[in-house]
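Morning, everyone. Let's put the structure up on the screen and walk through it together.

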Amino acid sequence: MGELNQTLQKREWGSNVRKIAVIRLLQCKMLYIGLILFLAQAVSLDLFLFFVQYKEGRGYSVVYEIGNIPYYTAFFFIALFVLGSYTILSDDKISMYPGTVTSRFCARLCSDYLIILGFTLLYGGFYAVNSMILHLLAWRESNLNVRNTFSIPYLFTGMLQMFCGCLFLYSLFVLCYTFFTKIKAITSTVLTVVAILLANWLTSTEKLDLYWIWDLLTGKNMALGTYLFFLLAGWGICTVLSFLIACMVGSYKKQSYYLLWIVLTGVSLGGSTCIKVQQSLLIYGGDAITDERYSFQIKELRKDFIFSFNDVKQGSQMIDQIMEEGIEQKEEGYRLPFSQVAVLTEKEARKEGYLEPDYSLTENQMLFRVVAHNISYRNQYIYENTIKSLDIYQEGHAVFWKRERCGNVISTAFGKDYQKCHDTEYNINLYLEGWPGDRLQAILVVDETLMEIWEQKNSDE
Amino acid sequence: MEEIAIQIDAVRKKYHKNTALDGITVQIHENRMIGLIGANGSGKTTLLKICAGLEEKTSGNVLVYGADVTKDIAVCEEVIYSMHDLPVGRQYKIGEILKFYDISYPHFDKVFCKRVLELFGISLKKSCRMLSQGQKSLVHFSCALATRCKVTLLDESFIGIDIEKRKKVYEILLRDFMEHPRTIVLSSHNLSEIEGILSEMLLIHEGKMVFYQEMDSVREMLFRADGNEEEIQRFTEGKETICVRSKEIGSYAVLKGSITGTAAKEAKACGLQVSAVSPEDVSIYLTTTEEGKELEHLWEN
């Protein structure tokens, strides 16, 4: 009899969760309309920008990819939605209907998960429409290339990642909030201040790498499967913990200061990250310059690096290193496979067409230009990601290369080449091994004095 | 034997340092219409919200039909708390609100609710933000009544409704109560208007229960004796007096007992004019501590 009662109670509980979830989903009608309108507007704006770019590049071959506007719109929307989870134990609009704290909590979770799922499907749909319009135009216009092929499996992979990422983020915020409901205002204030100070201290003393945390959360350098497992495990743990805390909350609970503390912590951590980025920019000796005028317009990919030296001797050593030893990756020793590195003076470079007439070097500087003649394969420009993420930097008179971390899984969930950016098991080093080196060239432009001294030194040897 | 609908046992509620409810213990039987009366800040809303499971109690116990309303879903669906300004969401149409009620309450009578709203001239297509305060109160009242919940808690539900409609509302409430007997707890400041439909009255003051009595007992609870100051003083000596007021024109005393009781008869015999004290005045006399001169200082130089 007791067991039967328990079963009946569970059924009632489940039915109550379903009822509240349905009410909540019905209440969110305006949210769906707003979402559809915002995404439609973002995609329209993206297509408008494409047309502007296409018009400007008439006569040239234009390569276009889906822009960032729909992505940022989606990110903004998700951020707001996740922040809104702070009403999970105090949702006025559903608390007036019958239910217990746990049934309301679960109903809110279920309905919000469904909203996130709906949002992901909607975003995927808009991505597909956007992509198809571009491909249709590319099919009609011979000068237009779309950077990525449209792939249904890739679309679903992106949606799966996005959904799991949002679930994890949402459950993390819910856990923080439910925890806040169990502590008093003064305790939460003290905790927030301590957390901010501790995080800033750890960051400033380099005991904690915020990039590492960010990379972990966004799945950089992680295989897709591992990342999904990480997200789902995190989601599961956070949800179970927050549910257990919610079970301990007697009734409807409101903690309005929570949002303020979360925003303050976010601003503080964001600020210290910005300072960190600024500091690391100042530390690097070599600056990379990307001139949009030459990117993708003339079917040639370029990236420029400026190296500075103190005296001619140091400059000469740097040329020797590049010419004789090649450019090494500092940690792992892989060399950049250039088919050709030409050392030219400014005058020669200009004459050969390697340097623009209006380009001039300042004193004690040399220009290292990496050029990859664009090879496209099924409309995907195979060097683009490599060139884009390649960084050549200087430490003293030694020059090294590094590749920026592999693309952010969430931010590039859509619109980028899946194989190179997302399947991070596809190691850059393996990629470099198969690199057809004759396609990658480099030109080192130096001033005449340095050239003379370097040539003199070479002839003496 | 009548079942106990709500059992409140030594319930205390504290908001930081303020005590809203201070050990209230009461048993409310089913199928009664109870008036929850008290001054502003006496703890009426807190008590009703605790009974509905919307507010956490500091200590004590509340059982609705023997179950904890914060844990038992079946009981939860038989309890409705309604007030004049529920947070239903301003953007929804009344038709949508009815749909939400229909989903969540198993016995919700949508047809009845529509009829009541129609009677008051409120269109289902109207958005909540377009409603006046009185119309909002009417919508929430109609929905609450149509849920046919075994325990219906109406907290100041008639605010903003004009007198003509209020009278209709009381009529509907009474008739529906007779058609579908259930426990209805009404909290209102207009006791004189609703006393006719109440079967019992629960008076609370500063978080404590003053009494919980049947309306007939409340009407017989106190009587008033008017006369000159000397007669009043002589008569009240040694008697259970609630208050004595001395005025220039005439003095009066409020005493415990029925107008038909011995004390009242004695007063009459002493030449005093005896009158009944209405339930509304009972609540005032039993909860007011001032001597009637509390306003004088407002005009002092």
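I'll start with how chain B meets chain A, then go to the domains of chain B, and finish with confidence in chain A.

One thing up front: this is a predicted model.

Okay, the meeting of the two chains. Chain A puts 22 residues into the contact, and chain B puts in 20. If you look at the chain B side, α2 (73-76) and α3 (94-104) of chain B each bring at least two residues to it. And what's that side made of? Eleven of its residues are nonpolar, five are polar and four are charged.

Now stay with chain B. The domain assignment splits it into domain 1, covering 4-217, and domain 2, covering 219-299. Their C-alpha centres are 34 Å apart. Those two domains of chain B do touch: domain 1 gives 13 residues to the contact and domain 2 gives nine. On the domain 1 side, the elements giving two or more residues are α7 (191-194), β8 (200-205), β9 (208-214) and α8 (215-219) of chain B. That side has seven nonpolar residues, four polar and two charged.

Right, over to chain A and confidence. Its average pLDDT is 75, with 72% of the residues scoring at least 70. Where does it stay under 50? One such stretch is residues 280-299 of chain A, where the model has 29 contacts beyond four places in sequence. Residues 405-431 of chain A are also below 50, and that stretch has 57 contacts beyond near neighbours in sequence. A word of caution here: where pLDDT is low, the predicted coordinates shouldn't be read in detail.

That's my tour, thanks.

Key: Residues are numbered from 1 along each chain as its sequence is written. Chains are lettered from A and ligands numbered from 1 in the order in which they are written. This is a predicted model: local features need pLDDT of at least 70, side-chain atom pairs count only at pLDDT 80 or more; totals for chains, interfaces and linings use all residues. Two residues are in contact if their C-beta atoms, placed from the backbone, lie within 7 Å. Helices (H or I, at least four residues) and strands (E, at least two) are DSSP runs, numbered from the N terminus. Ala, Val, Leu, Ile, Met, Phe, Trp, Tyr, Cys and Pro count as nonpolar, Asp, Glu, Lys and Arg as charged, and the others, Gly among them, as polar. Domain bounds come from an automatic or database domain assignment. pLDDT is the predictor's confidence in each residue, from 0 to 100.
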